[in-house]
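The exercises below concern the structure shown here. Each task is followed by a solution in steps.

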Amino acid sequence: MHELSIVMGIIKIAEDHARAADAAAIDEIELDIGTMSGIDMDSMEFAWTQAIKGTMLNDCVRKINSITAKAKCLDCDTEFEIKNYYDACPVCGEHLIDIVQGKELMVRSLLVS
Amino acid sequence: MCATCGCSSDGKTTYYLVDKDQPHSHDHSHPHDHVHPHDHGHTHDHPHASEKKIIDVEQDVLHQNNLLAERNRGYFDAKNILALNLVSSPGSGKTSLLERTLKDLKGELEFAVIEGDQQTNNDADRIFATGTKVTQINTGKGCHLDAHMILHAMQGLKPKDNSVLFIENVGNLVCPAMFDLGEKERVVIISVTEGDDKPLKYPDMFHSSTLCIINKTDLLPYVPFDIEKAKANAKKVNHHLDIIEVSCTTGDGLPLWYNWLKSKVMQPEAV
């Protein structure tokens, strides 16, 4: 359940920025979450519902940009979508791959009032 | 509030520096309350209260942890301390590996240990028995150590210059993967009593580690663990991973681990 720590981190970042802008409430939050960021979305949902109570995000609309993970094969340079770290290159079948996107975990923007 | 990092310690995480005279004394407690009885009057007008505004945040959620981790890393670098984050599921033999290492390399290298568990000082007591400086972190309900806890544990521990600092994380192959502590290397430990598909089942941890130690190899004749398959699985997840097979009971393979360790210890450069 590290998702609770993650949600608490999101709330802190959002409230800090909202307060700095003299806002009273956060109406919308936009998050970038890579499919291989290590976040389980069900756990995140559970933690979110509980953690935002009484915060500036209480009535906030959450927008999640899910970023599909991609890797690049170090042998043949093919770039491809991956679901697991152990996926092989679809062209040459090698496991010598580097992840190029999909590890994102970021607060992108806020809409405050 | 903690003056060092601004944290509002809620007392859930506790730190014990194991000491001869006071074996379970609390270190770094925050007993004081923060009462803010004053009202925040808002006599000024908010003419734009209903106006909506977009704020571009673009901040990594782990930003705060990562900043503190870099701060720890700076401290380690300045003192030439080799910090290792040991991660595994519960029962793989992290503490046994440390006990054995601390005894075998006594006199060759200087060590300090941070132990992370939800409850008890049992592991710290075992480490202390080897004559090594140790701080126990009890996370309460927490499932992982974070950079902030390490910062506080260090305040009591004060590891020596040119030493090796072992940080034994909470036994958990999932959550600790996301939290940089400021370590130089992350070492994942599995034992042959687990499944050889463990690297595939918990890939984040194997992907973020630099060394994998396969422990309890003396039990191989009695268990269905296929060590070659386990190594292939680990390499599939992370092709950079070094793998060392050891048995803390018989001592098999330990020289390889000790050589790896010594190769990572930087000799202080003469100026």
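**Exercise 1. Place a central strand of chain B.**

Task: find which residue of E6(B) stands opposite Tyr16(B), and describe the pairing around E6(B).

Solution. Step 1: Tyr16(B) has Gln136(B) of E6(B) opposite it. The model is predicted: local features need pLDDT of at least 70, side-chain atom pairs count only at pLDDT 80 or more, and totals for chains, interfaces and linings use all residues. Residues are numbered from 1 along each chain as its sequence is written, chains are lettered from A and ligands numbered from 1 in the order in which they are written, and side-chain values use heavy atoms, with hydrogens and water left out.

Step 2: Strand E1 (residues 14-17) of chain B and E6(B) run antiparallel and are joined by four bridges. Two strands pair if DSSP finds at least two bridges between them. Helices (H or I, at least four residues) and strands (E, at least two) are DSSP runs, numbered from the N terminus. Another bridge partner pair here is Thr14(B) with Asn138(B).

Step 3: With strand E5 (residues 111-117) of chain B, E6(B) runs parallel, and six bridges join the two. Here Lys133(B) of E6(B) has Ala112(B) opposite it. From E5(B) the chain passes through helix H3 (residues 122-128) of chain B to E6(B) in a right-handed β-α-β crossover. Right-handed means that, with the strands pointing away from the viewer, the path from the first strand over the helix to the second runs clockwise.

Step 4: Check burial, where buried means under 20% relative accessible area, exposed over 50%, and partly exposed in between (1.4 Å probe, protein chains only). Strand E6 (residues 133-138) of chain B has five of its six residues buried, so the rest of the structure largely encloses it. E1(B) is covered on both faces, with Thr14(B) and Tyr16(B) buried on one side and Tyr15(B) and Leu17(B) buried on the other.

**Exercise 2. Describe the surroundings of Thr132(B).**

Task: decide whether Thr132(B) is buried or exposed, and list what it touches.

Solution. Step 1: Thr132(B) sits in the loop between H3 and E6 of chain B. Its relative accessibility is 8%, so Thr132(B) counts as buried.

Step 2: Leaving out residues up to four places away in sequence, Thr132(B) touches Leu102(B), Phe111(B), Ala112(B), Val113(B) and Ile127(B). Contact means heavy atoms within 4.5 Å.

Step 3: Val113(B) is 19 residues from Thr132(B) in sequence, and their C-alpha atoms are 7.3 Å apart.

Step 4: The Thr132(B) side chain also makes a polar contact of 2.9 Å with the side chain of Thr130(B). Such a contact is a pair of N or O atoms within 3.5 Å; within protein, one must be able to donate a hydrogen and the other to accept it, and residues adjacent in sequence count only if both atoms are side-chain atoms.

**Exercise 3. Characterise the interface of chains A and B.**

Task: state how much area chain B and chain A bury between them, and which charged side chains meet there.

Solution. Step 1: The two chains bury about 2700 Å² between them, 66% of it on carbon and sulfur atoms. Buried area is the accessible area (1.4 Å probe) that two parts lose on being put together, summed over both. Chain B contributes 27 residues to the contact and chain A 33 residues.

Step 2: Two salt bridges are counted between chain B and chain A. A salt bridge is a side-chain nitrogen of Lys or Arg within 4 Å of a carboxyl oxygen of Asp or Glu. One such pair is Glu58(B) with Arg108(A), at 2.9 Å, N to O. Strand E3 (53-60), helix H6 (203-207) and helix H7 (227-237) of chain B each give two or more residues to its side of the contact. The most come from E3(B), with eight residues.

Step 3: Arg108(A) also meets Asp32(A) in a salt bridge (2.6 Å, N to O). Asp32(A) lies in strand E1 (residues 26-34) and Arg108(A) in strand E6 (residues 105-112) of chain A, so this pair ties together parts that are 76 residues apart in sequence. Asp32(A) is buried at 5% relative accessibility, whereas Arg108(A) is partly exposed at 25%.
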